[in-house]
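Please open the structure in a viewer and keep the selection tool at hand. The tour below proceeds by selections, each followed by a description of what is found there.

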There are 2 protein chains.
Amino acid sequence: MITASICTIGDEILIGQIVDTNSSNISRKLGEIGIKVTRMVSIADDHDEIITSLSRELDSNDIVISTGGLGPTKDDITKPALAELFGCKAWKTDQEQLKIVYDILHSRGLDVLDINLRQAEVPECCEVILNHNGTAPIMVFERPDGHRLYSLPGVPHEALGALDEVLADIKKHFNTESIYHKTLMVYGFAESALSKFIEPWEDALPKDVHLAYLPNTATGIRLRLSVYGGQREKDAEKVEKLLIGLREILGDNIYAEKDCALQEVIGDLLRGSGKTLSAAESCTGGMISHLLTTVPGSSEYYLGSVISYAIPVKEKVLGVPSETISANGVVSSEVAAAMAEGVRRVTGSTYSVSTTGLAGPGGDERNPEGTVWIAVSGPHGTITKRFQYHNDRKRNIERFSASALDFVRRYILAD
Amino acid sequence: MITASICTIGDEILIGQIVDTNSSNISRKLGEIGIKVTRMVSIADDHDEIITSLSRELDSNDIVISTGGLGPTKDDITKPALAELFGCKAWKTDQEQLKIVYDILHSRGLDVLDINLRQAEVPECCEVILNHNGTAPIMVFERPDGHRLYSLPGVPHEALGALDEVLADIKKHFNTESIYHKTLMVYGFAESALSKFIEPWEDALPKDVHLAYLPNTATGIRLRLSVYGGQREKDAEKVEKLLIGLREILGDNIYAEKDCALQEVIGDLLRGSGKTLSAAESCTGGMISHLLTTVPGSSEYYLGSVISYAIPVKEKVLGVPSETISANGVVSSEVAAAMAEGVRRVTGSTYSVSTTGLAGPGGDERNPEGTVWIAVSGPHGTITKRFQYHNDRKRNIERFSASALDFVRRYILAD
């Protein structure tokens with residue numbers, strides 16, 4: 001099996017100022033063409049450390065993908081370190097990348113500075129893959145033992161934009177095979193409860209099928225089945241047979257059979273149906289709407305929302321009667337229902353979903369921090385449900401939003 | 001200087017199914033007490049790999065923090081690997097952690113299963129730091145050379161919840177000193193333009209002061225000055241003197257002098273002022289509202305929003321005249337202004353901000369993908385501005401939202 005190591009370079013990663021998202025994106029893509037990522041390493045913008053670490057990773061892997069340290073500013077030092085590592089003395093300017101540098105800066109109305117021009121200079125011993133989304137080209141180096149290093153920019157959309165060409169180059173140079181992963185998305189269980197619930201099924205899994213639980217606040221639990229058999233079609237068939245039993249146990253708690261988010265499933269349910277959705281959000285503050293509109297083409301079925309953070313907005317814009325609020329409190333089934341019905345009336349949508357709760361910090365005896373009432377309204381009436389989570393504002397907003405999306409998904413499914 | 005390595009354990013990281021946020025959070029905290037993180041490594045749920053990698057990191061660092069692989073399910077294997085690495089044969093049950101296991105499961109209305117109880121079992125040679133947010137305790141191991149390993153759960157809020165106690169333990173065992181970092185947040189420049197703009201100032205920096213540029217779609221550019229002097233007060237004084245010149249050059253393009261987000265700065269400007277804010281969002285789909293409400297206590301100044309994704313919602317809820325839309329198009333200065341004024345009228349807020357644009361995919365000749373009109377309305381009238389970004393829906397939503405927050409920040413500042 002061909003193996004790879006991903007090395008991210010940059011002090012900003014080591015001091016925790018940015019979260020490295022490149023590694024996971026690159027790894028996923030490598031997995032799709034059957035390359036196993038054995039390690040991910042983050043190292044400092046330090047000449048010696050770059051040389052030592054990349055060299056070590058190249059010793060034990062066929063492929064090393066590095067990102068970062070290629071910017072125009074003075075703290076980026078990967079390029080000279082790579083030249084030294086591969087013993088290059090001479091430099092060349094890549095004319096095609098130079099043209100891209102000019103195009104990018106002109107399209108942004110920026111002057112072309114010397115430091116921009118230097119971006120197109122690379123060690124003579126490397127091959128260049130063009131970076132169409134930025135100024136620093138992708139550099140490809142090969143060692144005498146055939147192990148290859150791909151140096152990508154650190155800016156995520158530049159690293160990802162060049163990835164297809166990097167993968168094509170990898171396929172040309174290595175004999176890639178297959179790892180088969182199948183992911184199911186499950187909502188409505190704690191990890192240990194799900195594990196207990198499916199234990200007999202899990203215990204009967206063949207030895208070469210590996211099951212992993214990946215709980216996540218925003219998406220529920222990902223169940224991932226992996227087969228390192230190397231024969232993609234046979235592995236897929238084997239997993240497909242195993243899944244029949246799991247589907248019987250979990251039913252519509254499984255919301256998707258691929259890695260995706262609740263809002264994408266809602267999009268799939270509504271797209272082309274002529275049915276529409278709106279939201280009235282209080283404690284979730286716009287996150288449900290944001291998630292719904294991350295889906296390209298969501299304007300086909302998503303009409304809009306009212307974020308009624310303040311009580312007068314609930315009354316005036318959504319028409320929640322002030323008596324409903326004074327009689328039941330803002331965090332109540334009745335207010336959630338009135339909000340959902342209000343936004344459905346205002347926008348004219350087929351379905352609507354609402355939230356009213358306490359993301360924190362703070363709460364009271366009746367409604368401790370982490371309480372939320374969620375309502376869904378539609379052609380068959382309005383239903384509400386109370387959820388109780390914990391003491392973490394950010395996570396509560398995520399959990400409330402995910403629970404609301406799952407609640408509206410189940411309503412539409414049943415409809 | 002005391003050094004540390006952070007090791008994250010889990011196949012889900014290596015296959016790219018989750019993004020590792022623990023490393024950056026832990027690293028930031030270590031930096032605050034003067035510990036330099038030299039490497040971050042992600043490795044597989046593999047017995048031998050765990051032992052080999054942790055052992056190697058312990059050889060070259062005083063401290064190793066590992067996260068992950070401690071869950072109740074069958075794919076988590078860190079605990080036996082650690083027992084072997086540190087030569088522990090016997091196991092003990094931590095009674096205090098066991099009590100927490102019972103409390104957590106009962107509070108969530110879940111049955112206590114055997115696999116939950118085993119969470120409180122640890123190798124006898126380790127010290128335990130309680131995990132109050134989850135079932136797996138933190139385990140602390142020490143080698144004969146004094147190097148210490150802290151094994152934390154992988155679930156982010158559990159890892160972070162225990163971090164203060166881990167840091168206290170580190171301070172007790174190591175003689176920590178100081179690294180001084182100062183971060184400035186800058187909005188409104190491309191990286192290379194900013195670099196050119198402040199070049200004379202940068203070139204005059206003393207040798208022991210390191211400057212880094214960290215561009216980010218959602219926050220603009222972080223400028224980070226680092227001094228590895230070891231004398232915190234002296235270093236702070238030195239940096240403070242250097243900043244006087246930079247402030248003159250950049251003015252209110254610097255929106256904060258600490259690592260924070262635009263919405264937090266807006267919160268600081270509005271909190272206690274009696275002034276309020278609302279938003280009317282089209283192409284940003286709720287993200288501005290979501291960002292505003294990530295700030296604890298935002299209900300003091302943020303009243304609410306209308307997400308008018310569909311045209312009828314713009315007309316009906318925000319009162320945008322249909323002639324304004326037909327005469328100028330939805331993506332126009334006029335519609336942005338009418339939306340901002342509409343939501344200000346509906347919510348009664350002091351200020352409002354609006355967006356109308358094309359996040360993509362798709363656009364037309366007049367308004368290519370990545371075009372947005374932003375308006376801010378307030379006591380001194382309504383102003384609008386057009387921004388042109390690129391071809392990436394997710395990034396455009398982030399950029400539009402950040403530009404809108406920066407635009408309203410400047411309006412409030414000038415007010």
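Begin by selecting chain A and chain B together in this predicted model. A turn of 180 degrees, with a shift of 0.0 Å along the axis, lays chain A on chain B with an RMSD of 0.1 Å. The two copies are thus related as by a two-fold rotation axis. In general, two copies of a chain are related by a rotation about an axis and a shift along it.

**The contact between the chains**

Next, select the residues where the chains touch. Chain A contributes 74 residues to this contact and chain B contributes 76 residues. On the side of chain A that touches chain B, 32 residues are nonpolar, 27 are polar and 15 are charged. Of the interface residues of chain A, 100% are also interface residues in chain B, so the copies meet through the same surface.

Within this region, select residues 302-308 in both chains. These residues form strand 14 of chain A and strand 14 of chain B, which pair in the antiparallel sense over 5 bridges. To locate one point of this pairing, label A:G304, which stands opposite B:S308 in strand 14 of chain B.

**The sheet that spans both chains**

Which strands form the open sheet of 10 strands, and in what order? The order is 17(A)-16(A)-15(A)-13(A)-14(A)-14(B)-13(B)-15(B)-16(B)-17(B), and the pairing is mixed. Strand 17 (381-388) of chain A and strand 17 (381-388) of chain B stand at the edges, each with a single partner strand, so one side of each is left without a neighbour in the sheet. Ignoring direction, neighbouring strands of this sheet are turned by 15 degrees against each other on average.

Now move to strand 13 (residues 277-281) and strand 15 (residues 351-357) of chain A, which pair in the parallel sense over 5 bridges. A:S278 can be labelled here; A:S352 in strand 15 of chain A is the residue opposite.

Select helix 17 (residues 393-414) of chain A to see what lies across this part of the sheet. Helix 17 of chain A crosses strand 15, strand 16 (371-378) and strand 17 of chain A, running at about 150 degrees to strand 15 of chain A. In the other copy, helix 17 (residues 393-414) of chain B packs on the sheet and touches strand 15 (351-357), strand 16 (371-378) and strand 17 of chain B. The direction of helix 17 of chain B makes about 150 degrees with that of strand 15 of chain B.

**A covered strand in chain B**

Select residues 277-281 of chain B, which form strand 13 of chain B. Strand 13 of chain B is mostly covered, with 5 of its 5 residues buried. In a regular strand the side chains alternate between the two faces of the sheet. Here B:L277, B:A279 and B:E281 point one way, B:S278 and B:A280 point the other way, and all are buried. Strand 13 and strand 14 of chain B run parallel and are joined by 5 bridges. B:E281 has B:I307 as its bridge partner in strand 14 of chain B.

**A cis peptide bond in each chain**

Label A:G360 and A:P361: the peptide bond from the former to the latter is cis, with omega near -5 degrees. A:P361 lies in the loop between strand 15 and strand 16 of chain A. In chain B, the peptide bond from B:G360 to B:P361 is cis, with omega near -5 degrees, and B:P361 is found in the loop between strand 15 and strand 16 of chain B.

**Chain A by domains**

Finally, hide chain B and color chain A by domain: domain 1 (3-173), domain 2 (180-256) and domain 3 (262-414). The C-alpha centres of domain 2 and domain 3 of chain A lie 30 Å apart. Their contact takes 9 residues from domain 2 of chain A and 10 residues from domain 3 of chain A.

Another open sheet in chain A has 4 strands in the order 10-11-9-12, with antiparallel pairing. Its edge strands are strand 10 (209-216) and strand 12 (254-256) of chain A, each of which pairs on one side only. The twist averages 35 degrees from one strand to the next. Strand 9 (residues 180-186) and strand 12 of chain A run antiparallel and are joined by 2 bridges. For a last label, choose A:M185, whose bridge partner in strand 12 of chain A is A:A256.

Technical notes: Residues numbered from 1 in each chain as written. Chains lettered and ligands numbered in written order. Predicted model: local features only at pLDDT ≥ 70, side-chain atom pairs only at ≥ 80, totals over all residues. Contact = placed C-beta atoms within 7 Å. Nonpolar A, V, L, I, M, F, W, Y, C, P; charged D, E, K, R; others polar. Pairing = 2+ DSSP bridges. Axes fitted to C-alpha atoms, helices over the stretch in contact; angles between N-to-C directions. Domains from an automatic or database assignment. Least-squares fit on C-alpha atoms with pLDDT ≥ 70 in both. Buried ≥ 20, exposed ≤ 12 C-beta atoms within 10 Å, placed from the backbone.
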